[in-house]
Every structure is written in structure tokens, then in C-alpha cells.
Amino acid sequence: MKKDREVLTGEHFLNGDEACAEGAIAAGCRFFAGYPITPATEVSETMARRLPEVGGVYIQMEDEIASMAAILGASWGGVKSMTATSGPGFSLMMENIGLGMMMETPCVVINIMRGGPSTGLPTLVGQGDVMQARWGSHGDYGVIALTPASPQEMFDLAIRAFNLSEKYRIPVIVLSDEMIGHMYEKVVIPERRAVPRISRKKPRTAADEFYPFQGEKDLIPPMACAGDGYRIHVTGLTHDEQGYPVISADAQERLVRRLCDKIRLHAGEIIDFRETATKDADVIVVAYGCSARSAEEAVGLSRREGIRVGLLRLVTVWPFPEERVRQLAERVKGFVVPEVNYGQIAYEVERCAGGKETLMMGLMGGAVHNPEMIMNAIKEMAESGKAAGGERGVKRS
Amino acid sequence: MRYKLVDQKSFRAAEAKAKINQSHGLHPDDRYLKPGRIPHIWCQGCGLGIVLTAFIKAMDSMDIPIDTCAVVSGIGCTGRVAGYLNMDTYHTTHGRAIPFATGLKLAKPSHHIVVFSGDGDLFAIGGNHFIHAARRNIDLMVICVNNFNYGMTGGQAGPTTHMSARTTTTPYGNYEYPFNLVDLAHASGAVYVARWTTYHARYLIESVKRCFGKKGFKFIEVISPCPTGYGRPNRLGTGLDEMKIYREKSVIRNHMNPREAALDFKGTIVVGEFVDLEKPTFLDRYEDEVLSKFGESIKG
């Protein structure tokens, strides 16, 4: 394998989709299965061009259902795998994302969000899949979703997504959006040795002593892949620690609680956010992805006007940083939450705001917030502690 | 928010181990069966046991090392085959065994990857994946146990249900045209296509052996009795009665054009090896067309 083509160390001018593909390859991804969809196609195209250079496999599947199934299969074959899509494809992947959760399969799903529902706005931005990323597949399971806000972060978080997926053995979702995916910026790719790489735990016991779905202290079981000699059964049915199907409330209680708890237990180390000027802030803007770009500008401009406002930028939307929002809520007048949907993370903020004012600034998709819109809301909130806006924004004539 | 959850019963490894080792190893085929998984869930008279045994016999006579083989299943009665085999087995979502197996194969090129599933799983919900995997010539062995109905859910009509047959969802007789699976497989690009019934156990073993020794997308349809789901409403009798029907109504027509091998309700059952040809696989093509340009190879 050509090591020098694995990590393209240096400065590049890339869009978010391309940067994401480079991050994946740098992280060790060697299998990509996907289906063309705007605005995620550039991820596939980059993978199709780049994977052969490093001895990897690119396959264009017949749909997104197959793409998701294929990356699970490849992961059980011991290869780091990824797919990329947008809203309609993300919806199609949901059942097999659940299979990935149940089978505890490391892999990465990139969702470059566009305006929905349905075909919606194929070429324009949206952030309407945040709750789908959390709850989209049926049943309970823990979720990790990352929200990059620049092409550089697309590169960095693609790497982190692989490392988290390998560590916690779940499909990790990178929840980007059309604006970040198509935005061109400088991306600095570090040297190969500076790229952190984590690989799944391997069994250390003999086959007859190995229980493939028994969590260790960290609740994560080591993973025996195909051909490792453990001859395990892996099923989407509720199973016991041996991996054998058990259709009972007891088995369900143990398995599903562990699937949720393995993420809850480690939420502290998974959660990532960036704070700007929050120390003395009266108002906190909570934003992620494309909305964070406008929010950053609005917070900077407001500060220049002497308004005490800070930005809490979510790098992981799931798990949600409940504790931090609760701490901030103690000393602020309220929260402003701009997002390109009709309120998704805003509900999470309100839940943790301890009764403090929460203003959801929704855009239905197709455009990002003008920083001035956010500035005005910040100003009102800072002055009166109240947000100007109607109940759920429904205007009646 | 505070939580109140029930106390969890912890997993007792020693107990589980004792249970799985109980009476395991008494039968010569036990080395191919996962300890503690028998008895199986299949009904009396079901043909799945015959197909499973034929698969084991083929593996055994070919001396296929167990750890070079993995079995992927979808959902349904046949979907449960994976769970009984003592190898790396994957029981996936409904209809998605083939794309899962595709990923597994491409990650493990030297492995034998076998897909075991039913007619509903492979040809209704999973039909698209079947034709595309065959088109790409992914190196998979696909064994479809065709019992002409959805057995697991209690006998509903499916994509292979005969015209006029009764099922719980065709109480007045089936009014849809069924697929001719061997024709579909051939038209989609499969390099090996055969059909047998569970009566033809020895031919089936030979077909599985042929598939183990052959690269590319291989398809074996096995017509199987489902006395509970399909036999009862159609007055076909017990599993044994259906085997007698297979004996009486089957004709072996090797190399016949699969187009002419359509199945009629209660009519002649044409069986045989219809297609056996050589064609570079997906990975052969990927290596030659793409990887070789970068001096790369993954077949090892």
C-alpha cells in the first residue's frame, strides 16, 4: 500500500464533502458503499477516486438500504467502512442503522443534510435530520452524532467518527449539511503520525470462554470478526451474551440497557463543544453546523456593540451536553437557538434551560440565518430577558 | 429526570455453558452445528433440515475449513439457518442478506460467503439486491429455500406463490403471476443456476459442492415443503406427502433454458443444473480495471 497516499499531509483547498472523504481515508477507512445523492455525491466521488490508491474497495450499491447493509458486512469482515448520503437516503438506511446498533458494528454514516421532508430541496441546505439521527430507527439505543462546521472539521470529525465507532462499537453519524459539504475552505491535513487511530477491541480469551456480547467493565464487548476463529452468531434479534437469540423480557432488559448505557456511561468523553465568550454572558447562542457559522458572526458583532453574549457550538449533538447547558442556564437570561429546521435541538436546550427563556429561531431550509437576524434576537434577549416571538411561531391573519 | 428500572438478572456463563454442551457432540454432524442451538424451530415436515444437512455434507466432503466460510441470512424460517451453523454467521434484516454478504465478501475476499434465505426474503423485499449482486457477479453462493409462501408469519402469499394457490392472504386463490427464480437468476447474470427439491438431496449436495469450487454469483433454488403454511390450505398433505409429489412430478432437465423451467401449481417440476459458466467476478474486474493501475491487490 502506498503510505504516502493515505494521509495527504499539507494544505489543501477542499469542500466539506472532499475533506470528509480524506479524513475517512486518513482514519483507515478501506471500504465505501454508497448511492449517488445530492449534496453528498462528492463524498462518493472522492472515495471512488481515492480508495484504489490505498488498496481499498469502492462499490456503488443499488440503493442506500444496500449501502448500509454492505458497510455492516464489511465491518464484520474486519475493515473500517463508511457510507455517505442525504435525507432521503438517510431515511432508507434507518432499519440497517438499527441492525448496526443491535450487532454493535463499528462504521460511519455521513449525512449531508438538505431541506426536507421527502425530495425537498436537493441542492439546498437543511438541518432537519437531527432528531432522526437520534431516534430514526425503531427501538432504544445510544447514539453518537457529530456536527462539523467547516471543511477542516469535516476532515477532523471524520477521523473522530471512525475512532468513536471503533471504540464504542456503533455506527457513528456525521451530521453535516449542504452548506458545509459544498463550502470550499483551507484544510490542513497533518502528518500521518499525528492522525489518531483507534481500532476495535479484540477478544483475548479462548473461543469456548468468549461471550461475544458480554460487555466488559466499559460495557463494550470485544469484537470477533469473520475468520477470527470464534465462530459467533450475530443477529438483529434480541440475544444473550453468547449472541444466541433469546426472546424474553430479561434478555431484552440486559441487552438494550447496555446498548444505551454504553454511550451514557461515556457521554463525558464523547461530548464535545466549543464555547466563545460564555464566561460573563447574559445570553447564550446554541448552534451547530452551518447555523454555527452565522451564530459566530452574530455573537462577534454583538460583542462589539457591548452585548454580553456567548456561543455554545455543539460539535456533538448526540449525546447532548445536558450538564453544560444546565450550568450555563443558572447564570444567563436566556438561550437563542438558530437552526435550519422548525425546532429540534431547541427542544433539548429548553429541556435543560431550567425555565430560562429559550428562543427557537427556525428556518425551514434552503438558506442559512442572516447574522443580523440572530443579532436582533440576541439584543432583545439581552435587554428584556424575553424573546420576541410567537408561540411556536404560528402567525394567524 | 430520575430513573426507576427493574433489577436485571445477570448472565450466568457457567449455566449457559452447561446448557450448550448438553448432548452436543453426539452426532457426527455436530461439529458443523452451534452448540446448544438444537432443537431447531422448524415445523414437522419442513424441508429446511434437509437443505441444512445437504450443505453440511457438501462442506464435509469438500473439506472446506470451517473458519474460511461465513453464512449470512435474512429474515424468515430459512433466515434461521445461519444461527444453527457452527461458523461465523450473520442474521441480518429482512431482504438484506445479499448486500450484507457483499460487504463481507469484499472485506474478506478469500472467504466462502454463503447466503441462505427464503423466497420472500430474497425475491420480494430483497429482489433488487439479488439482481444487482448477480449482475455484478459478486462471488457469493445464494441458496434460496423456496416454499412458495411466508412461513414465519403464518402462510401469506409471496413472489413465488403459484397461480390459484390458497394462502392466508389469497383466500380465494392467488391472482398474481409468480417469478421463475432460475430464469431471473440467469437473466441477471448468475454463473451457476440450479433447481432441486428436497427430495433430490444428493443432487443438492453435488450442486453445493460445485458452488464451493466455483467463483462468481451462484444460485441454487431448493423447492421445499411447508406443510404448515402452504400444504394445509392447498391440501398437499404432510411433508412426506409433498416429498412424494416431488418424486412423481419432477423431471431432471440439465442445461435446459431456465426460461422454459417455470413452475405450475401441481404441475411438472423441472429440476436440474441449468447454467454453469465462467465469468470474471466483481473483484476480478475491480482488480484488473482499477487496482492494477495503482499496483494494488486485495485478493491476496
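These legends describe close-up views of a predicted model. Because the model is predicted, local features need pLDDT of at least 70 and side-chain atom pairs count only at pLDDT 80 or more, while totals for chains, interfaces and linings use all residues. Residues are numbered from 1 along each chain as its sequence is written, chains are lettered from A and ligands numbered from 1 in the order in which they are written, and side-chain values use heavy atoms, with hydrogens and water left out.

**View 1. Strand S12 of chain A is mostly covered.**
Strand S12 spans residues 283–287 of chain A, and five of its five residues are buried. Buried means under 20% relative accessible area, exposed means over 50%, and partly exposed lies in between (1.4 Å probe, protein chains only). Helices (H or I, at least four residues) and strands (E, at least two) are DSSP runs, numbered from the N terminus. In a regular strand the side chains alternate between the two faces of the sheet. On one side of S12(A) sit A:Val283, A:Val285 and A:Ala287. On the other sit A:Ile284 and A:Val286. Both faces are covered.

**View 2. S12(A) pairs with strands S13 and S15 of chain A.**
Two strands pair if DSSP finds at least two bridges between them. S12(A) runs parallel to S13(A) (residues 309–314), over five bridges. Here A:Val283 has A:Val309 as its bridge partner. S12(A) also runs parallel to S15(A) (residues 334–339), joined by three bridges. In that pairing A:Val285 stands opposite A:Val336. Helix H10 (residues 289–304) of chain A joins S12(A) and S13(A) in a right-handed β-α-β unit. Right-handed means that, with the strands pointing away from the viewer, the path from the first strand over the helix to the second runs clockwise.

**View 3. A:Phe335 belongs to the largest nonpolar core.**
A nonpolar core is a set of buried Ala, Val, Leu, Ile, Met, Phe, Trp, Tyr and Cys residues joined through side-chain atoms within 4.5 Å. The largest has 149 residues. Those touching the most other members are A:Phe31, A:Met47, A:Trp76, A:Met82, A:Phe335, A:Ile345 and B:Phe219. Contact means heavy atoms within 4.5 Å. Beyond its neighbours within four places in sequence, A:Phe335 is in contact with residues including A:Ile284 and A:Val286. Others among its contacts are A:Leu328, A:Val349 and A:Met381. A second, separate core holds 46 residues, including B:Leu33, B:Val71, B:Val81 and B:Cys211.

**View 4. A:Glu269 and A:Lys167 form a salt bridge in chain A.**
A salt bridge is a side-chain nitrogen of Lys or Arg within 4 Å of a carboxyl oxygen of Asp or Glu. By this rule the count is 46 over all chains. The side chains of A:Glu269 and A:Lys167 meet at 2.9 Å, N to O. A:Glu269 lies in helix H9 (residues 267–270) and A:Lys167 in helix H6, 102 residues apart. A:Glu269 is partly exposed at 46% relative accessibility. A:Lys167 is partly exposed too, at 36%. Elsewhere in chain A, salt bridges link A:Arg5, A:Glu22, A:Arg50 and A:Glu53 in a network.

**View 5. Two salt bridges appear in chain B.**
B:Glu221 and B:Arg195 meet at 2.9 Å, N to O. B:Glu221 lies in strand S6 (residues 218–223) and B:Arg195 in strand S5 (residues 192–197), so the pair ties together parts 26 residues apart in sequence. Both residues are buried. B:Asp276 and B:Lys214 meet at 2.8 Å, N to O. B:Asp276 is in strand S8 (residues 269–276), while B:Lys214 is in the loop between helix H8 (201–212) and S6, 62 residues away. B:Asp276 is partly exposed, at 34% relative accessible area. B:Lys214 is buried, at 4%.

**View 6. A:Cys107 and B:Cys144 are in no disulfide.**
A disulfide is a pair of cysteine sulfur atoms within 2.5 Å. The whole structure has zero. The sulfur of A:Cys107 is 10 Å from the closest cysteine sulfur, that of A:Cys29, too far for a bond. For B:Cys144, the nearest cysteine sulfur is that of B:Cys77, 13 Å away. A:Cys107 is buried at 1% relative accessibility. B:Cys144 is buried at 0%.

**View 7. Helix H6 of chain B is mostly covered.**
H6(B) spans residues 127–136, and seven of its 10 residues are buried. Among them are B:His129, B:Phe130, B:His132 and B:Arg136. Just after the helix, B:Asn137 takes a positive phi of about 55°.
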